[in-house]
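Student: Please take one part of this model and go through it closely, in a single connected account. I would like to know how its pieces pair, and what lies around them.

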Amino acid sequence: MAARVLICDDSKFARRQLARAIPKQWDVEIQFAENGQQALDMIRSSHFDVTFLDLNMPVLDGYQAMQAIRAEDLQTLVVVVSGDVQTQARQRMMKLGALDFIAKPVDSRRLAGLLQQYGLYVGDEQGRDLTEYEEDNLPFRLDAYRELINVAMGQAGDKLAQVLGEFIHLPIPNVNQIASSELSMAIAEIQHNSYVSAVSQGFVSAGIKGEALVIFNDTDFASLVELLKYKSRTLSEQLEIEALMDLSNILIGACLNGLSSQLGIRFSLNHPIILGRHCDLEQLLKSNVSRWNQVVAIEIGYSIHSHNVNFDLLLLFPQDAMDSMFDKLMLLSGEA
């Protein structure tokens, strides 16, 4: 009798990646859910032997879904599959009753080993052929970009959590394909306060170039300096600049490393520069991001709730760079 498997992830690309990684010889019936609420409804109405559960999802996230599974004693083994690889995220889900935790992108050998470890599957690790589901359209491309960034974002969050000793709350990345003239309008929600400070750093690889901006609300500087544990905690212009540069280096470096590992490339980074301090976000963007006609703008809002600190990482790519990244991603993931 085939095992019933539920894959819950808000990304269609991620669902397909995981389905591909499931061992070909494992006799399974696979169904999909797009968020935690949908997964709960399906588990309540029909038995699933194994549920693969993402963490960062709309409607109901993985934490909330896991809490409900435990509270209602729903009979399904839960394996967390997430780009958020922070130790606290893993510990929290294991405490709620998850069987195990796998980092994205899912490695077929790692998955087969885990399934064998728990006696769910006996055989090799060869993944499934899902070529009948292949497609290439703008919504699918944007979804693939979002999942690519989701993994890189999680690695950056984990690095930051290790440095600061705090849990970093991660969002669902916001991906927009727009004209550069529309950028300020598309990310207006970033400007939580009247004035911001920002650091910019360009990066390039073969056929791929882009720019990263880290944007800080000015009201967060005192808490940021406290988190970075500088010897001097008296705010000054020099200390603010040091905090800006240190946090930006951690975020941008870790995020680009996450992209590099998924695409099989290496980025060269330009020297970071202070775009502006205590200035209006719209004016800052107009002054610095106008050289590309069409861009893909990816906004990631990080937050540390315990210190009321919020900052945004904005990745900007010209369209030809995103096309190159998509082609590499499809090739490496077996979609091409």
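Tutor: A residue is called buried when its relative accessible area is under 20%, exposed when that value is over 50%, and partly exposed in between. The model is a predicted one, and I start from a residue in a helix before moving to the strands beside that helix. Gln-64 sits in helix α3, and because its relative accessible area is 36%, Gln-64 is partly exposed. The C-alpha atoms of Gln-64 and Gln-37 are 8.8 Å apart, although 27 residues separate the two along the chain.

The helix that carries Gln-64 belongs to a right-handed β-α-β unit made by β3, α3 (residues 62-71) and β4. In this unit, strands β3 (residues 50-53) and β4 run parallel and are joined by 4 bridges, with Val-80 of β4 as the bridge partner of Leu-53. Strand β4 (residues 77-82) is mostly covered, 5 of its 6 residues being buried. Strand β4 also pairs in the parallel sense with β5 (residues 100-103), again over 4 bridges, and there the bridge partner of Val-81 is Ile-102. Between β4 and β5 the chain passes through helix α4 (residues 87-95), and this β-α-β crossover is right-handed too.

These pairings belong to an open sheet of 5 strands, parallel in its pairing and ordered β2-β1-β3-β4-β5. The edges are held by β2 (28-33) and β5, each of which has a single partner strand, so one side of each is left without a neighbour in the sheet. On average, and with direction ignored, neighbouring strands of the sheet are turned by 20° against each other. Towards the β2 edge, β1 (residues 3-8) and β2 pair in the parallel sense over 6 bridges, and Val-5 stands opposite Ile-30 in β2. Two helices pack on the sheet: α4 touches β3, β4 and β5, its direction making about 150° with that of β5, while α5 (residues 108-117) touches β3, β4 and β5 and its direction makes about 175° with that of β5.

After β3 comes a position that deserves separate attention. Asp-54 lies in the loop between β3 and α3, and Asp-54 counts as buried because its relative accessible area is 2%. Leaving aside neighbours within four places in sequence, Asp-54 is in contact with Cys-8, Asp-9, Asp-10, Gly-62, Val-81, Ser-82 and Lys-104. An unreviewed UniProt entry lists Asp-54 under "modified residue: 4-aspartylphosphate". Asp-10, one of these contacts, is also touched by Asp-143, as are Ser-11, Lys-12 and Phe-13, again without counting residues up to four places away in sequence. Asp-143 is located in helix α6 and, at 9% relative accessibility, is therefore buried as well.

It remains to place this part beside the nonpolar cores. The largest nonpolar core has 59 residues, and those with the most contacts inside it include Leu-259 and Phe-311. Among the elements that give two or more residues to this core are α6 (138-164) and α9 (237-263), and α9 gives the most, with 13 residues. Apart from this core lies another one, of 26 residues, among them Leu-6, Cys-8, Leu-53 and Tyr-63; Leu-53 is the residue whose bridge partner in β4 is Val-80, and Cys-8 is one of the contacts of Asp-54.

Note on methods:
Residues are numbered from 1 along each chain as its sequence is written. This is a predicted model: local features need pLDDT of at least 70, side-chain atom pairs count only at pLDDT 80 or more; totals for chains, interfaces and linings use all residues. Side-chain values use heavy atoms; hydrogens and water are left out. A nonpolar core is a set of buried Ala, Val, Leu, Ile, Met, Phe, Trp, Tyr and Cys residues joined through side-chain atoms within 4.5 Å. Buried means under 20% relative accessible area, exposed over 50%, partly exposed in between (1.4 Å probe, protein chains only). Two strands pair if DSSP finds at least two bridges between them. A crossover is right-handed if, with the strands pointing away from the viewer, the path from the first strand over the helix to the second runs clockwise. Contact means heavy atoms within 4.5 Å. UniProt positions are given in the numbering used here, feature names are shortened, and annotations may be inferred rather than shown by experiment. Axes are lines fitted to C-alpha atoms, for helices over the stretch in contact, and angles run from 0 to 180 degrees between N-to-C directions.
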